[in-house]
Amino acid sequence: MAKTVYPGSFDPISYGHIDLAKRGVKILGELIVAVARNVTKTTLFSPDERVEMVRKVFCDVPGVTVDSYDGMTVDYVRSIGADTILRGIRTISDFEYESQMALTNRHFTKDVEMVFMMTSNEYSFLSSHFIKEVVALGGDVSAFVPALGEERMKAKLTKQSP
Ligand code: ADP
């Protein structure tokens with residue numbers, strides 16, 4: 001059975017991420033949702049905040065554990081004895097990005113396989129980036145993220161009136 005890492009920045013974790021992980025663990029067996037601490041893009045939440053929110057989401061999901069890592073994903077995957085990376089695909093642009101990343105990874109190791117799963121229809125338009133934009137503009141994102149993520153985004157992104 002595979003030991004699979006689902007890596008990402010999870011800034012914050014959305015129902016799209018959660019759905020993918022839950023469907024992934026059913027077919028892949030052991031799944032480690034791994035929060036990348038040192039991502040190149042600017043994040044709203046600190047690594048510890050992102051890890052805390054992800055942990056709360058998966059605390060009672062059988063087969064799923066949560067971890068975080070620094071550095072290259074493939075190095076982390078090998079360091080914990082895993083052999084597979086799960087990533088989600090929503091759009092053609094995801095496919096282009098993911099295929100380039102997969103081929104780059106393959107340059108560094110041939111021992112790690114990448115598995116791609118299509119998003120579920122209802123989450124196909126969800127991205128953490130646009131969720132943050134909606135919150136900043138005062139919109140309701142309760143259908144997109146768990147309550148904790150929504151509260152924390154609101155605290156960071158919306159100014160309270162005096
Ligand atoms: P990264 O910064 O590494 O791209 P993200 O946290 O944005 O990390 O996403 C992690 C993974 O989850 C990526 O493979 C991404 O394609 C996938 N993903 C993000 N949103 C969704 C969604 N709505 N449905 C399915 N997969 C998703």
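A pocket is an open set of grid points with protein on both sides within 12 Å along at least five of seven lines. In the predicted model described here, the largest pocket holds about 1300 Å³ of space. Its lining is made up of 45 residues, and those lying nearest the centre of the pocket are Gly 8, Ser 9, Lys 41, Arg 87 and Tyr 97. Strands S1 and S4 and helices H1, H4 and H5, the last spanning residues 128-136, each give two or more residues to this lining. Helix H4 provides the largest share, with six residues. When the lining of the largest pocket is divided by class, 21 residues are polar, 16 are nonpolar and eight are charged.

The ligand sits in this largest pocket. Two or more residues of the shell around the ligand come from each of strand S1 (3-8), helix H1 (15-28), strand S4 (84-89) and helix H4 (92-108). In the shell, the largest share belongs to S1, which gives three residues, whereas in the lining of the pocket the largest share belongs to H4. The shell consists of 16 residues, among which Tyr 6, Ser 9, Lys 41, Gly 88 and Tyr 123 come nearest to the ligand. By class, six residues of the shell are polar, five are nonpolar and five are charged.

Individual polar atoms of the protein were then considered in relation to the ligand. Lys 41, one of the residues that come nearest to the ligand, places a polar side-chain atom 2.7 Å from an oxygen atom of the ligand. For Arg 87, an N or O atom of the side chain is 3.1 Å from a ligand oxygen atom. Both Lys 41 and Arg 87 are also among the residues nearest the centre of the largest pocket. At Tyr 123 the backbone is involved, with a polar backbone atom 2.9 Å from a nitrogen atom of the ligand. On its own, the ligand has 550 Å² of accessible area, of which the protein covers 90%.

Apart from the pocket, the search for enclosed space gave one cavity of 30 Å³ or more. The volume of the largest cavity is about 50 Å³. This cavity is lined by Val 74, Ala 102, Asn 105, Arg 106, Thr 109, Val 112 and Met 114. Helix H4 supplies three of these lining residues, the largest share. Four residues of the cavity lining are nonpolar, two are polar and one is charged. Helix H4 thus gives the largest share both to the lining of the largest pocket and to that of the largest cavity.

Terms used
Residues numbered from 1 in each chain as written. Predicted model: local features only at pLDDT ≥ 70, side-chain atom pairs only at ≥ 80, totals over all residues. Heavy atoms only, no water. Near = heavy atom within 4 Å. Polar contact = N/O pair within 3.5 Å; in protein donor to acceptor, adjacent residues only side chain to side chain. Areas by Shrake-Rupley, 256 points an atom, 1.4 Å probe, with all protein chains shown as cover. 1 Å grid on protein atoms, 1.4 Å probe; cavity = no way out; pocket = protein on both sides within 12 Å on 5 of 7 lines; lining within 4 Å. Sits in = over half its atoms within 2 Å of the grid points. Helix = DSSP H or I, 4+ residues; strand = E, 2+ residues; numbered from the N terminus. Nonpolar A, V, L, I, M, F, W, Y, C, P; charged D, E, K, R; others polar. Points joined across faces, edges and corners; volume = space filled by probe spheres on them.
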